Amino acid sequence: MDKVRRILVYVCKERAAPQRAQFVQSVTGHFTDSGEDEVEVSCTLEKNQFILYKGDRGRGVPLKRPAFCPITHLSATDAAAIPLDIQQRGVDVGVAILLQTANQRVLLTRRAKELRISPNVWVPPGGHVELDETLLGAGLRELHEETGLKLEPEQVSPTVLGLWESVFPPMLSRGLPQRHHVVVYMLLHSSLTHLQLQPSLRPSPAEVSACLWADSRLVRAIVSAVDGDDASVQLDDLPSSISVSQVSADGVLTESSMPLAVFTSRAPASGPDVERVSTGTKFALELWLRSLDVPDL
């Protein structure tokens, strides 16, 4: 197990000392006694420990897990079947960047199909927080590594939108948990439009297979396709196809179109996964829409 590069989640209640979150422990569940899937917490990154705690009401950020979170549905037999090296991993910390352009679009990327975890799924740029990094520093590093966009800390005013408890595979029907994260979704504002930023995109084909600048209309449709629900999707007269930039094996971008249905697909309850927007990304995009005061959400 890699003990030198990973930042882990620590939790504490009231004035107790922070304790390392266990792999088979629901981080969200630690802060609620009544089984809710969302709770308000405060967070801080200190001495390479990402600490979650209950702060003053109204001054924290939402921490959420999906209703189908595998950790919450593990039986004692399931938990015992998880290999010991995975059980001892703890809960990793990731950061994902919602880059908002001057004309209110956000950048989404499709994870390369060769990736072992969540291939072919649409997410914001992001990844692990490494030792001695700040959350913002990790987010800017991942943004640059994955997309080629380089922003300096003094150019942005970061806001933490929310925290997502993420487990892979995302449902027990697809196997026992292998990875457990808390993902910090951070909003950054650019003074440039998406058309001005597009020429600077240099995605890494090892990590990214397509890019998309999503506007609020498309985002509203994406978040209305709630995973685990079968309610109707709010299409708002959107076109049947969406313009994206495909990334070739040598990193060249080519304009293409994809069916709108890809972005409004839901996570299947069983069987192989499909190309879709990740559940955690939908959570973050909903928070982004709220930050814009978009009506009818």
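The following exercises, with worked solutions, examine a pocket, a helix, two cores and one serine in a predicted model.

Residues are numbered from 1 along each chain as its sequence is written, and side-chain values use heavy atoms, with hydrogens and water left out. Local features need pLDDT of at least 70, and side-chain atom pairs count only at pLDDT 80 or more, whereas totals for chains, interfaces and linings use all residues.

**Exercise 1.** Describe the largest pocket and its lining.

*Solution.* A pocket is an open set of points, on a 1 Å grid over the protein atoms alone, where a 1.4 Å probe fits, with protein on both sides within 12 Å along at least five of seven lines; lining residues have an atom within 4 Å of a point.
- Step 1: the volume of the largest pocket is about 1,100 Å³, volume being the space filled by probe spheres set on the points.
- Step 2: the lining has 47 residues, of which Arg111, Ile117, Ser118, His181 and Val183 are the closest to the centre.
- Step 3: strand 10 supplies the largest share of the lining, 5 residues; strands (E, at least two residues) and helices (H or I, at least four) are DSSP runs numbered from the N terminus.
- Step 4: the lining divides into 20 nonpolar, 12 polar and 15 charged residues. Asp, Glu, Lys and Arg count as charged; Ala, Val, Leu, Ile, Met, Phe, Trp, Tyr, Cys and Pro as nonpolar; the others, Gly among them, as polar.

**Exercise 2.** Determine whether the span of helix 4 agrees with expectation, and how far helix 4 is enclosed.

*Solution.*
- Step 1: the expected span is 1.5 Å times one less than the number of residues. For the 13 residues of helix 4 this gives 18 Å, and the end C-alpha atoms are 18 Å apart, in agreement.
- Step 2: 10 of the 13 residues are buried (under 20% relative accessible area, 1.4 Å probe, protein chains only), so helix 4 is largely enclosed by the rest of the structure. Among the buried residues are Leu136, Arg141 and Glu146.
- Step 3: Gly148, with a positive phi near 85°, follows helix 4.

**Exercise 3.** Identify the main contributors to the largest nonpolar core.

*Solution.* Such a core joins buried Ala, Val, Leu, Ile, Met, Phe, Trp, Tyr and Cys residues through side-chain atoms within 4.5 Å.
- Step 1: of its 38 residues, Val9, Val27, Phe50, Leu52 and Leu163 touch the most other members.
- Step 2: helix 4 gives the most to this core, 5 residues.
- Step 3: a second, separate core of 33 residues includes Trp164 and Leu285.

**Exercise 4.** Is Ser42 buried or exposed?

*Solution.* Ser42, in strand 3, is buried, with a relative accessible area of 12%.

Technical notes
Buried < 20%, exposed > 50% of the residue type's maximum accessible area, 1.4 Å probe, protein only.
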